[in-house]
Amino acid sequence: MKVIGRRAEMAALSDAWRRRGLALGFVPTMGALHEGHAALIRRARRQNKRVAVSIFVNPAQFGPKEDLSRYPRPFAADRRLCERLGVDALYHPSAREVYPKGVRTTVEVQGLSDLLCGAVRPGHFKGVATVVLKLFVTVRPSRAYFGEKDFQQLQIVRRMVRDLDLPVEIVGCPTVRDGDGLALSSRNAYLSPFERAVAPKLHQALRLGARLARKAGTPLRLLREVRRELLMIPGATIDYVSVVDPASLEDARRLKGRLRLLTAVRVGKTRLIDNIALSC
Ligand code: AMP
């Protein structure tokens, strides 16, 4: 496995693979890799001749009061995991390499970026879309793999790729969970033992919502039940809980067809997100 810090070197390696006709699967991450990331990498491994993973804690997607400086960075363990999973290139650039002094250009997927997590984290998805586009330009993958765990991010990336005619296939992958249902996340490491013990209730509340999809009658009634469940999590505050159209992320007016139930909840100081498909 090649570990690469320089943009030009990553681009040259990808060019060489492309000239040989080797499909390249790409998994962008912020590191602190867990089984959720591993599932994306395995899928990329199965579907492509070459696999690149990036580890880049992107400053542009953190707000001024967020956890950029304390975000976990266990690089040696991440590197070993990538090696074990058969990754061909691990791209690990510095912030300066990705954002040289004086950059002024950003990418914004309008509409989709201001809702849900975007309403609570202004500028977050502009940071995400900008870095994903920059990584795509450097890595030039045939396919890129994103988790449904970050459902809004996945839909924003899909939309950006469509709107900008980017030559990459976006592959969405199901959320990987712990045995008790908690979606794996690098941020779970922030939870105290007590918070960790109650955190699976987030998924339980969403599952209740999925069970009620055909019975609740209206989105409002369904949301009232889910909210009631979420409020029973000790120490939790709800950022949002919404039933939306999966492509536009707009609030569903009726419980009809395929919808998505999404939530963000603060458990203590840690913000957890999760979502589930509804078939009504
Ligand atoms: P992150 O390192 O948190 O930026 O995540 C990198 C990629 O891994 C994103 O596409 C995430 O959606 C995906 N991911 C994170 N956690 C999970 C999970 N539990 N299951 C599936 N994919 C995940």
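Visitor: Hello! Before we look around, what do the words buried and exposed stand for here?

Guide: Welcome! Buried means under 20% relative accessible area, and a residue that is neither buried nor exposed is called partly exposed. For a residue to be called exposed, its relative accessible area must be over 50%.

Visitor: Is Asp165 buried or exposed?

Guide: Please keep in mind that this is a predicted model. Asp165 sits in the loop between helix 7 and strand 6 (169-173), and its phi is positive, about 55°, although Asp165 is not a glycine. Its relative accessible area is 65%. The cut-off is over 50%, so Asp165 counts as exposed.

Visitor: And Ala32, is that residue buried or exposed?

Guide: Ala32 belongs to the loop between strand 2 (24-29) and helix 2 (35-47). Ala32 also has a positive phi, near 50°, in a residue other than glycine. With a relative accessible area of 12%, which is under 20%, Ala32 is therefore buried.

Visitor: Which domains does the assignment give, and how far apart are their centres?

Guide: The domain assignment splits the protein chain into domain 1 (2-173) and domain 2 (186-275). Taken over C-alpha atoms, the distance between the two centres is 26 Å.

Visitor: How many residues does each domain bring to the contact?

Guide: Let's take one side at a time. Domain 2 brings 17 residues to the contact, and domain 1 brings 21 residues.

Visitor: Which residues of domain 1 lose the most area to domain 2?

Guide: The area buried between the two domains is about 1800 Å², with 58% of it from carbon and sulfur atoms. On the side of domain 1, three residues together make up 32% of what is buried there. They are Leu116, Val120 and Phe151.

Visitor: Which residue meets Arg187 in a salt bridge?

Guide: Between domain 1 and domain 2 the count is two salt bridges. In the one with Arg187, the distance from N to O is 2.9 Å. The partner side chain is that of Asp67.

Visitor: Which helix gives the most residues to the side of domain 1 that touches domain 2?

Guide: Across this interface there are nine residue pairs in polar contact. Two elements each give two or more residues to the side of domain 1: helix 5 (117-120) and helix 7 (151-163). The one that gives the most, with three residues, is helix 7.

Visitor: One last stop: is Leu223 buried or exposed?

Guide: Leu223 lies in helix 10 (residues 219-231). Among the residues that Leu223 touches are Val241 and Leu261. Its relative accessible area is 15%, under the 20% cut-off, so Leu223 is buried.

Notes. Residues numbered from 1 in each chain as written. Predicted model: local features only at pLDDT ≥ 70, side-chain atom pairs only at ≥ 80, totals over all residues. Heavy atoms only, no water. Domains from an automatic or database assignment. Contact = heavy atoms within 4.5 Å. Buried area = accessible area lost by both parts, 1.4 Å probe. Salt bridge = Lys/Arg side-chain N within 4 Å of Asp/Glu carboxyl O. Polar contact = N/O pair within 3.5 Å; in protein donor to acceptor, adjacent residues only side chain to side chain. Helix = DSSP H or I, 4+ residues; strand = E, 2+ residues; numbered from the N terminus. Buried < 20%, exposed > 50% of the residue type's maximum accessible area, 1.4 Å probe, protein only. Lists of a residue's contacts leave out its neighbours within four places in sequence.
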